[in-house]
Amino acid sequence: MPNYSIVSEFILVGFSTFPQHLLPAFFLFYLLMYLFMLLGNLLIMATIWSEHSLHTPMYLFLCALSTSEILFTVAVTPRMLVDMLSSHRSITFVACATQMFFSFTFGFTHSFLLMIMGYDRYVAICHPLRYYMLMSIRTCARLVSWTWAGGSVMGMMVTLIVFHLTFCGSNVIHHFVCHVFSLLKLACGNENSSVTLGVILMCVSALMGCLFLIILSYIFIVAAILRIPSVEGRHKTFSTCVSHLTIVIVHYSFASIIYLKPKGSHSMDSNTLMATTYTVFTPFLSPIIFSLRNKELKNAIKKSFQRKFSPLNS
């Protein structure tokens, strides 16, 4: 049986190139964002669980989205925060593979859930009379299961492809996580370029496929909304899509900034900061957008707080 790697651990450069006196400030800033993201998503999940009026397909998907967001950041952010204040930034071969698997799994699950939520809005607006038949609880549970299964398959495929390569040279990863393209640069052998191209095509095909189906859903949604005679009716119908559409724009915009930027045009420090927009900043914005832009959820959170604290006030 061949020995696939003679590297037993990797060194994560991360924020070590930044001035040391700035690291505590970065640590506190990203820690507060991480804690806010956790509390915001847990609040959304608890509100959906406790409010019977929110036991609908749209909020079931939102609950699953919050779960995937929490798990994605748990796979990435704690390690990043620890390394900021640590001089020992090594990560074992197995731990690196595990981190990559979970980050890809939850990242792709997140994209698949956004696609399913777009389909949910399409059915609700374009086929309102058949909505509860097409989006039954069983159907929704099956769709959520498929998104998690799809994310797991993508995560496993990428991880197996990358860690099947031989790493025999430098073990320094110029990133704060086990980033796939940073790892591919460290691999030896002639097949490295073909593997890199294969990983890119696989990831881009999945993400662009999701985006294409979301855009297609919204083309039909906009067409249906334009047929509504009253301005108030059009506004009320479109308002049910605003939070989802905003998250899609934020999600794909930050992903594009990171993965489609010109190579070699940024310093290592600026690349590190740009990477945090997708791993930290996007999950931080998500609960804010959903709680502020979704009127029904916002009212349910207010009602839940009033129920909790009104006995104390009285």
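Biologist: Which residues form one aromatic cluster with F176?
Modeller: This is a predicted model, where local features need pLDDT of at least 70, side-chain atom pairs count only at pLDDT 80 or more, and totals for chains, interfaces and linings use all residues. Residues are numbered from 1 along each chain as its sequence is written, and side-chain values use heavy atoms, without hydrogens and water. Rings of Phe, Tyr and Trp (its six-membered ring) pair when their centres lie within 6.5 Å. F176 shares its cluster with F15, F18, F26, F29 and Y30.

Biologist: How are F26 and Y30 paired?
Modeller: The structure holds 24 aromatic pairs. In the pair of F26 and Y30, the ring centres are 6.2 Å apart and the planes differ by 10 degrees. Planes under 30 degrees apart count as stacked, over 60 as edge-to-face and the rest as tilted, so F26 and Y30 are stacked.

Biologist: Why are F26 and Y30 separated by about one helical turn?
Modeller: Both belong to helix α1, residues 23-50 (a DSSP run of H or I, at least four residues). The separation is about one turn because, along α1, F26 and Y30 are four residues apart.

Biologist: Are F26 and Y30 buried or exposed?
Modeller: Buried means under 20% relative accessible area, exposed over 50%, and partly exposed in between (1.4 Å probe, protein chains only). F26 and Y30 are both buried.

Biologist: Which helix supplies the largest share of the lining of the second largest pocket?
Modeller: A pocket is an open set of 1 Å grid points where a 1.4 Å probe fits, with protein on both sides within 12 Å along at least five of seven lines; lining residues have an atom within 4 Å of a point. Here 21 residues line the pocket, with K236, T237, S239, T240 and K295 nearest its centre. The largest share is four residues, and they come from α8.

Methods: Helices (H or I, at least four residues) and strands (E, at least two) are DSSP runs, numbered from the N terminus.
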